Amino acid sequence: EIVWGNDIEVRRARLGFKSKFYQNWKLDASFNVDVDGHDGPGGDTTFYKSFQEGGLTYAPSDQFNFSIGKKQVRFSRDQEISSTEITTFERSVASNTFTPGELTGVWSFGKGIAGAWLYELGAYSNARVAEFAQSGDGGMLVIGKIGYELAEQTGLDTCVTTFTYMHN
C-alpha cells in the first residue's frame, strides 16, 4: 500500500495482544492498522482500520477449549500452517477456494484426547464484516473436524490426519 521512508514497502500491518487470567481464561485480539492513514470515514486520517480476529476462551485443559469471538476459519491443513512455515510461496488453489475468511462465532476444540485424537466444532455467522457480525447476518457456517496425530508412529515432528466437514 505505501512505502515508509525510501526502503520499507508496507502491504499490511497488525497490532495485537494475548493475555491469560484466572488460570483458565484467555483473551486475545489483533487489529489491522491503516498504513497510509487515509482509510477513515470520508478519507479522514486514522490509525485503526479493522478488527482482524480475537476472542475470549475458556481453556481448563488441552482437551477442552471453548471460545467466542472472531477468527480465521480454517478448512484445510494447508490453512492451519503458518505461511512463515510453508516452503512454497503460496497456498494451494483448493485451499484458497474453501477459505471462509474471518468469521464471528463460537467454537470448541481440543487435542491429546485418549493420547492423540483432536477435534474442532464451530458455528459462525457467514457475514464477512470488518468488525463483529450481528445475529442473523449472512446465514450460517458450521464446521466439524476430527483428527489423529501420527507423529509418534511416523517419527516426524507432526503428522496430523483429519476428516473435516463444512456446511455453508
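In the predicted model, strands β3 (13-21), β4 (25-33), β5 (48-58) and β6 (65-73) each contribute at least two residues to a nonpolar patch. This patch lies on the surface and is formed by Phe17, Phe21, Tyr22, Trp25, Leu27, Leu56, Tyr58, Phe64, Phe66, Ile68 and Val106, which together have about 980 Å² of accessible area. Among these residues, Tyr22 is found in the loop between β3 and β4, and Tyr22 counts as exposed because its relative accessibility is 71%.

Aromatic pairs number seven in the model. In one of them, Phe21 and Tyr22 are arranged edge-to-face, with 5.8 Å centre to centre and 75° between the planes; Phe21, at 30% relative accessibility, counts as partly exposed. Phe51 and Phe132 form a tilted pair, with 4.8 Å centre to centre and 35° between the planes. Because Phe51 lies in strand β5 and Phe132 in the loop between β8 (117-125) and β9, this pair ties together parts that are 81 residues apart in sequence. Phe51 is buried, at 9% relative accessibility, whereas Phe132 is partly exposed, at 41%. Ring pairs further link Phe51 and Phe132 with Phe31 and Tyr48 into a cluster.

The largest nonpolar core consists of seven residues, namely Val73, Phe75, Leu103, Trp107, Tyr124, Leu141 and Ile143, and at least two residues of this core are supplied by each of β7 (101-113) and β9 (140-149). When residues up to four places away in sequence are not counted, Leu141 touches several residues, including Val73, Leu103 and Tyr124 as well as Pro100, Gly122, Met166 and His167.

Definitions and conventions:
Residues numbered from 1 in each chain as written. Predicted model: local features only at pLDDT ≥ 70, side-chain atom pairs only at ≥ 80, totals over all residues. Heavy atoms only, no water. Patch = residues over 30% accessible without salt bridge, like charges linked within 9 Å, V, L, I, M, F, W, Y side chains within 5 Å. Areas by Shrake-Rupley, 256 points an atom, 1.4 Å probe, with all protein chains shown as cover. Salt bridge = Lys/Arg side-chain N within 4 Å of Asp/Glu carboxyl O. Helix = DSSP H or I, 4+ residues; strand = E, 2+ residues; numbered from the N terminus. Buried < 20%, exposed > 50% of the residue type's maximum accessible area, 1.4 Å probe, protein only. Core = buried A, V, L, I, M, F, W, Y, C linked by side-chain atoms within 4.5 Å. Contact = heavy atoms within 4.5 Å. Phe/Tyr/Trp six-rings, centres within 6.5 Å; stacked < 30°, edge-to-face > 60°.
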